[in-house]
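Student: Could we take a close look at one small part of this model, and then work outwards from there? I'd like to see how you read it step by step.

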Amino acid sequence: MAGSGVERARHWQYEELPGVDLLRARYVRKEFVRHTHEHFVIAAIAEGVEVFHHSGADQYAGPGALALVNPDTPHTGRAGVPEGWRYGAVYPAPELVAEIAAETTGLRGTPGFVSPVLDDPYAARLVHQVLRAADEGNALAADTLLRVAVTRLLRLNGGPLPQREVRTAGSRIAARARAVLEESMAGPPSLERLAADLGTSPFALLRAFRDAYGMPPHAWLTDARVRRARRLLDAGTVPAEAAVAVGFTDQSHLTRHFSRIVGVPPGAYRRERKNVQDDRPRLLLPSGVWQNRQRTQTPPASPLERQPTAGSRTPPSSGTH
């Protein structure tokens with residue numbers, strides 16, 4: 001990896017893991033702008049260092065560590081060393097994480113992660129093996145490994161997410177502004193017009209919105225446009241049409257922002273979604289090679305994790321091929 005400068009990324013879905021996005025990537029110069037995800041982020045670093053701004057501070061994740069981001073939590077991302085970083089990530093839906101938490105943990109309320117970085121090579125290996133199993137079409141292994149990984153992370157680093165309640169006048173104004181922007185995404189008003197319509201000043205609205213959502217209205221709107229574009233691409237819309245529908249000037253405008261938030265261009269993103277629809281079912285039971293790897297792994301402590309799902313001690317490659 002070191003010194004090559006080649007960046008690769010694949011962002012895809014596996015039909016046997018509904019509600020979960022998958023990513024393998026190796027980045028050197030890539031910088032993710034401040035953005036959020038509707039799903040959880042569970043990113044296992046294989047090589048290098050990733051730095052991401054989260055909750056007011058830079059967080060560092062190196063080999064064997066996991067970057068963990070809860071839904072709707074603003075964060076960034078960039079390389080922490082000159083050679084960049086290589087990682088594999090799974091993005092499970094909040095409903096899936098809540099289901100796993102209810103079945104395997106004692107967490108109450110809406111579950112989430114407490115710390116944004118966890119040094120746990122075992123869990124990192126599980127994440128890489130989820131991706132490998134998905135690549136092999138091994139539905140049983142992929143689903144099992146994902147559930148074991150999420151259970152382990154919740155037991156080591158889980159807690160109830162704080163409930164966001166609209167209490168102050170500023171937060172109520174921010175919520176109203178957000179609703180307006182969602183409804184007028186393709187043709188939003190200026191900050192001055194938006195503030196006037198809400199009965200406040202531009203700077204008061206700016207402060208209230210940043211306090212409530214972690215970013216100014218224009219940055220939030222770009223993030224929201226990319227989210228909506230993803231849904232359109234998932235449904236089969238071509239990038240040029242998706243761009244116009246969400247308010248970008250053209251496909252190149254969408255591509256620039258989409259790549260800085262999702263990590264791949266919209267065309268590559270859509271092709272992977274189409275491939276999921278075209279794929280035929282493949283191997284549904286653990287392969288002999290996969291089973292043999294499990295026998296070499298020291299079993300973990302918990303009953304659930306004693307299932308043969310851990311894999312070898314050497315992390316599989318998370319780079320694209």
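Is S55 buried or exposed, and why does it count that way?

Tutor: Before anything else, keep in mind that this is a predicted model. S55 counts as exposed, because its relative accessibility is 62% and the cut-off for exposed is over 50%. As for where to find S55, look in the loop between β5 (50–54) and β6 (57–61). There's something to spot in its backbone too: S55 has a positive phi of about 55°, although it is not a glycine.

Now hop along the chain to D72, another residue that isn't a glycine but has a positive phi, here about 60°. This one is found in the loop between β7 (65–69) and β8 (75–79). With a relative accessible area of 32%, D72 is partly exposed.

Let's go back to the strands beside these loops. β5 and β6 belong to an open sheet of four strands, in the order β3-β8-β5-β6, with antiparallel pairing. At the edges you'll find β3 (32–35) and β6, each of which pairs on one side only. From one strand to the next, the twist averages 20°. If you want to check one pairing by eye, try β3 and β8: they run antiparallel and two bridges join them. One residue to click on is F32, whose bridge partner in β8 is G77.

Some of those strands turn up again when we look for empty space inside. Rolling a probe the size of a water molecule over the atoms shows where empty space is left. A search of the whole structure finds one cavity of 30 Å³ or more. About 170 Å³ of space lies in this largest cavity. Its lining is made of 16 residues, and H37, V41, E50, H75 and Y87 lie nearest the centre. Among the elements that each supply at least two lining residues are β3, β5 and β8, and so does helix α9. By class, that lining has ten nonpolar, five polar and one charged residues.

Compare that with an open space, the second largest pocket, which has a volume of about 290 Å³. Of the 19 residues that line this pocket, D21, E38, H39, R230 and Y269 are the closest to its centre. β1 (8–13), β2 (20–27), α7 (217–234) and α9 (251–262) each supply at least two residues of the lining. The biggest share comes from α7, with six residues. Sorted by class, the pocket lining has six nonpolar, six polar and seven charged residues.

One last stop is helix α8, residues 239–246, where P239, A242, A243 and V246 are buried. These four sit on the same side of α8, because they cover an arc of only 105° around the axis. On the face turned away from that buried side you'll see the exposed residues E241 and V244. Right after α8 comes G247, and here the phi is positive again, near 105°. Unlike S55, which is not a glycine, this residue is G247.

Key: Residues numbered from 1 in each chain as written. Predicted model: local features only at pLDDT ≥ 70, side-chain atom pairs only at ≥ 80, totals over all residues. Heavy atoms only, no water. Buried < 20%, exposed > 50% of the residue type's maximum accessible area, 1.4 Å probe, protein only. 1 Å grid on protein atoms, 1.4 Å probe; cavity = no way out; pocket = protein on both sides within 12 Å on 5 of 7 lines; lining within 4 Å. Points joined across faces, edges and corners; volume = space filled by probe spheres on them. Nonpolar A, V, L, I, M, F, W, Y, C, P; charged D, E, K, R; others polar. Pairing = 2+ DSSP bridges. Axes fitted to C-alpha atoms, helices over the stretch in contact; angles between N-to-C directions. Arc of directions from axis to C-beta.
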